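Here are some questions about how the labels in this predicted model are earned. Each answer sets a value against its cut-off.

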Amino acid sequence: MTELPVVRAALAAWYEISKRDLPWRRTRDPYAIWISEIMLQQTRVAAVIPYYERFLALYPTVDALAEVSEPQLLSAWAGLGYYSRARNLQAAAKTIVALGAFPRDHATLRSLPGIGDYTAAAVASIAFNLPHAVVDGNVVRVLARFLAEPVPTRSRIQIVADEFLDAAQPSQHNQAMMELGATVCTPKDPQCGKCPLANWCQAHAKGLARELLLKVTKTVIRRVERSLLVVIRNGNILLWQRPPETAILSGFWELPEPHQLPKARIGRALHHFKHRITNHIYTIQVFEASVRRAPPPLEWVSPHRLSTLPLSTTTRKALVGMTHL
Ligand code: SF4
């Protein structure tokens, strides 16, 4: 496409005046950019911001992240979900410390735990201005519409993204493409009237913008009821830790459910709340209970120790307001 320099310039000019002020856009620190990219996988921007700021306040350097204990790390990550991301972050931080410096090339970044093609390209370009085109869901949608190709393959999009990349300013270009997909060329409601690419966009020219890549798979919501028991004796509370081999939330501490304490005397209902995980909506009832014996893996946990343990989000929510703990 002979007009590519003009298209790139239009995109860059739009980004300069339209970009959102996000905390990770105020730094070139590769460590901070890497943390933001990992947090932004599967989590919305608005939800990530407070976690990002708190995480960097707690662990401002790669050395600090490498040294933190796993329970503290999981505690800082609690609420973001997908805990393998936190564990991979720390494994990568340890590798970086062993390397002696933050990697400045795509191949080394790509070799770190938890870093795939997208994250390696994002960190290499945004932090070091290296010419690697990022391809995330937003970029796929923008380019598929730009070309009016209904079902392009990922490799086809990567080739187009590489060609479209502004090698003189890859950091700005990549962020502009992702921003355009997130704020203008959105899945259901593309705002072609506000789009810097509209003059060259094939989907817009053919009136196909809304049809292309409008793959809205209907999510089937499953509703599940659960109960959690708050058992307190002599100021200590009964909890159990998920073993390392569990697929989700391994290492986290939880309140017991009734089937774990079949001989418990279940008392009054304390409160209930809803908790959503992907397509499951849990309604969780919290009850007082008492037991004579606490079978393993249940353990009595003192209030002091409780404050140091990584608790699952449901257990945190269940214990909200229990100031005597
Ligand atoms: S013109 Fe419309 S369809 Fe084309 S890239 Fe812009 S917002 Fe998307």
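Q: What makes the space taken by the ligand stand out among the cavities?
A: In this predicted model, that space is the largest cavity. The ligand is surrounded by Arg 145, Cys 185, Cys 192, Cys 195, Ala 198, Cys 201, His 204 and Ala 209.

Q: How do the residues in the shell around the ligand divide by class?
A: Six are nonpolar, one is polar and one is charged. Cys and Ala count as nonpolar, Arg as charged, and His falls among the polar residues.

Q: Why is Asn 174 called buried?
A: Its relative accessible area is 2%. Buried means under 20%, so Asn 174 qualifies. Asn 174 lies in helix 11 (residues 170-183). Beyond its neighbours within four places in sequence, Asn 174 is in contact with Ala 121, Ser 125, His 132, Ala 133, Val 134 and Leu 165.

Q: Why is Ala 148 counted as buried, and Asn 129 as partly exposed?
A: Ala 148 has 15% relative accessibility. The cut-off for buried is under 20%, so Ala 148 counts as buried. Asn 129 has 31%. Partly exposed lies between the 20% and 50% limits, so Asn 129 is partly exposed.

Q: What is notable about phi in Asn 129 and Ala 148?
A: Asn 129 is not a glycine, yet its phi is positive, about 55°. Ala 148, also a residue other than glycine, has a positive phi near 55°. Asn 129 lies in the loop between helix 8 (117-128) and helix 9 (137-147). Ala 148 is in the loop between helix 9 and helix 10 (154-164).

Notes
Residues are numbered from 1 along each chain as its sequence is written. This is a predicted model: local features need pLDDT of at least 70, side-chain atom pairs count only at pLDDT 80 or more; totals for chains, interfaces and linings use all residues. Side-chain values use heavy atoms; hydrogens and water are left out. A residue is near a molecule or strand if one of its heavy atoms lies within 4 Å of it. On a 1 Å grid over the protein atoms alone, a cavity is a set of points where a 1.4 Å probe fits but cannot get out, and a pocket is an open set with protein on both sides within 12 Å along at least five of seven lines; lining residues have an atom within 4 Å of a point. A molecule sits in a cavity or pocket if more than half of its atoms lie within 2 Å of its grid points. Helices (H or I, at least four residues) and strands (E, at least two) are DSSP runs, numbered from the N terminus. Buried means under 20% relative accessible area, exposed over 50%, partly exposed in between (1.4 Å probe, protein chains only). Contact means heavy atoms within 4.5 Å.
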